[in-house]
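Thank you all for making the time this morning. I would like to walk through one model with you, beginning with a sheet and then turning to the helices and the cysteines.

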Amino acid sequence: MSNSGTAKPSASRADVTTSGGSNVAGGTSGPPPPGPRLPTAVQALLLFRDPVGFLERCRRRYGPVFRVKFPGAPPFAFLTEASLARELYAHDGDGNKAGETRRPYLSPLVGEQSVLCLDGEAWQRQRQLLAPPLHGQRVAQWSEQIADIATREIDTWPVGQEIELRPRMQRITLEVILRLVFGIDDAGRLDRLRGLLPALLDAVDSPFVFGAPGVRERLERWPLRRIPGNPVRRFEAIRAETDELVYDEIARRRAEPDARLEQRTDLLSTLLLARDEQGNPMEDNELRDELLTLLTAGHETTATALAWSFERLVRHPAVLERLREEIDEGGTEYLDAVIKEVLRSRPVVFDTPRALGNSIDIGGYTIPAGWWATAAIP
């Protein structure tokens with residue numbers, strides 16, 4: 001739809017208006033959001049290079065609701081006010097899909113069966129299988145092991161010198177994932193995965209791999225992709241080697257008796273015992289995809305949040321001192337507030353999009369069905 005076009009109301013379905021003032025399910029009352037007229041590839045490049053700066057420039061020029069276009073994807077509406085975001089996510093039961101927006105970008109890494117790439121009943125099944133092992137009480141049993149992993153890493157840090165914090169936090173989060181999520185204790189396997197998994201995530205950082213699906217699909221047909229060392233081939237080679245190790249670990253764990261799995265506390269062992277409502281276990285490809293999902297969601301993002309937390313605390317010594325006092329006294333309330341404030345002021349992702357199943361009137365504009373819409377978190 002062009003910026004000047006307005007969808008006509010449906011005669012067969014009545015509008016449904018929420019208390020927040022947004023219409024859904026067929027009726028429209030405003031124009032689509034405005035946005036840059038730059039070529040789609042240029043818009044994608046600007047967002048990839050500086051997401052915060054690009055989105056802020058769009059907000060200043062076009063207002064709190066604006067449209068961006070990327071190659072190979074539907075028009076993308078960004079909402080920059082909390083009230084508008086609440087209105088959008090209030091319609092998640094009206095046919096909006098989160099997995100559909102992530103699948104083109106994330107599935108090359110996490111797989112088609114990842115909970116991040118699913119919608120509807122398939123998503124519900126995976127979520128029900130994942131929820132018990134990731135319940136707060138079960139995760140809490142890892143606290144001493146996580147503290148031991150962090151302590152061993154911190155003991156290697158130099159004293160009285162400036163250090164780059166994020167890579168050191170990444171080593172902590174990777175070790176936690178390998179030992180507590182994957183449950184690997186074999187020294188040789190740990191060493192191989194310590195090298196492979198960061199390399200896999202680094203390979204994904206290439207816009208040719210993680211970029212718009214249209215770009216990646218064209219590259220997959222590109223004759224020069226056979227040249228050794230190009231980003232796509234490098235990613236595929238690292239992924240294949242990683243998958244070989246992961247599937248082998250799944251097979252080894254399946255060979256263990258249930259009684260042994262029940263004694264283990266790692267997530268993979270717990271998922272091997274999980275059953276859906278029909279009594280079916282997770283297939284090997286589902287286990288692989290969820291393990292890679294937890295690696296993606298828990299490695300770099302958690303490390304980034306931790307690094308920002310220390311950066312913020314160092315710049316606010318009064319907050320750091322109060323936090324130390326509360327922890328010494330065994331409290332957690334202020335710690336929880338500090339973590340939430342860091343995540344608010346230094347978010348580690350900039351969007352959580354939905355593919356719209358119905359048009360939505362929001363902020364004076366109509367976002368048509370088929371568009372993607374999200375809060376602009378930065």
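**The sheet and its neighbours**

In strand E3 (residues 65-68), Val 65 and Arg 67 point one way while Phe 66 and Val 68 point the other way, and all of them are buried, where buried means under 20% relative accessible area, exposed means over 50% and partly exposed lies in between, with a 1.4 Å probe and protein chains only. Strands here are DSSP runs of E with at least two residues, helices are runs of H or I with at least four residues, and both are numbered from the N terminus. In a regular strand the side chains alternate between the two faces of the sheet.

Before going further, I should say that this is a predicted model, in which local features need pLDDT of at least 70 and side-chain atom pairs count only at pLDDT 80 or more, while totals for chains, interfaces and linings use all residues. Residues are numbered from 1 along each chain as its sequence is written, and side-chain values use heavy atoms, with hydrogens and water left out.

E3 belongs to an open sheet of four strands in the order E3-E4-E8-E5, with mixed pairing, and two strands count as paired if DSSP finds at least two bridges between them. The edge strands are E3 and E5, each of which pairs on one side only. Starting from the E3 edge, E3 and E4 pair in the antiparallel sense over four bridges, with Phe 66 opposite Phe 78 in E4. Strand E4 (residues 76-79) is then joined to E8 by four bridges, and these two run parallel; Phe 78 has Thr 374 as its bridge partner in E8, and Leu 79 stands opposite Ala 375. At the other edge, two bridges join strand E5 (residues 354-355) to E8 in an antiparallel arrangement, where Arg 354 has Ala 373 as its partner.

What about the side chains of E8 (residues 372-375): which of them point which way? Trp 372 and Thr 374 point one way, Ala 373 and Ala 375 the other way, and all are buried.

Helix H2 (residues 51-62) lies across E3 and E4, running at about 125° to E3; axes are lines fitted to C-alpha atoms, for helices over the stretch in contact, and angles run from 0 to 180 degrees between N-to-C directions.

**A helix pair**

Moving to helix packing, H7 (residues 143-154) and H8 (residues 165-181) pack at an angle of about 140°, with their axes 10 Å apart. Among the residues that meet, with contact meaning heavy atoms within 4.5 Å, are Ile 146 and Ile 149 in H7 and Ile 172 and Val 176 in H8.

**Cysteines and the chain overall**

How many disulfides does a search of the whole structure find? The search finds zero, a disulfide being a pair of cysteine sulfur atoms within 2.5 Å. Cys 58 counts as buried because its relative accessibility is 4%, and Cys 117 is likewise buried, with a relative accessible area of 0%.

Finally, the chain has 18 helices and eight strands, and buried residues make up 43% of its 378 residues. Of the contacts in the chain with a separation of 6 or more, 64% come from residues 24 or more positions apart.
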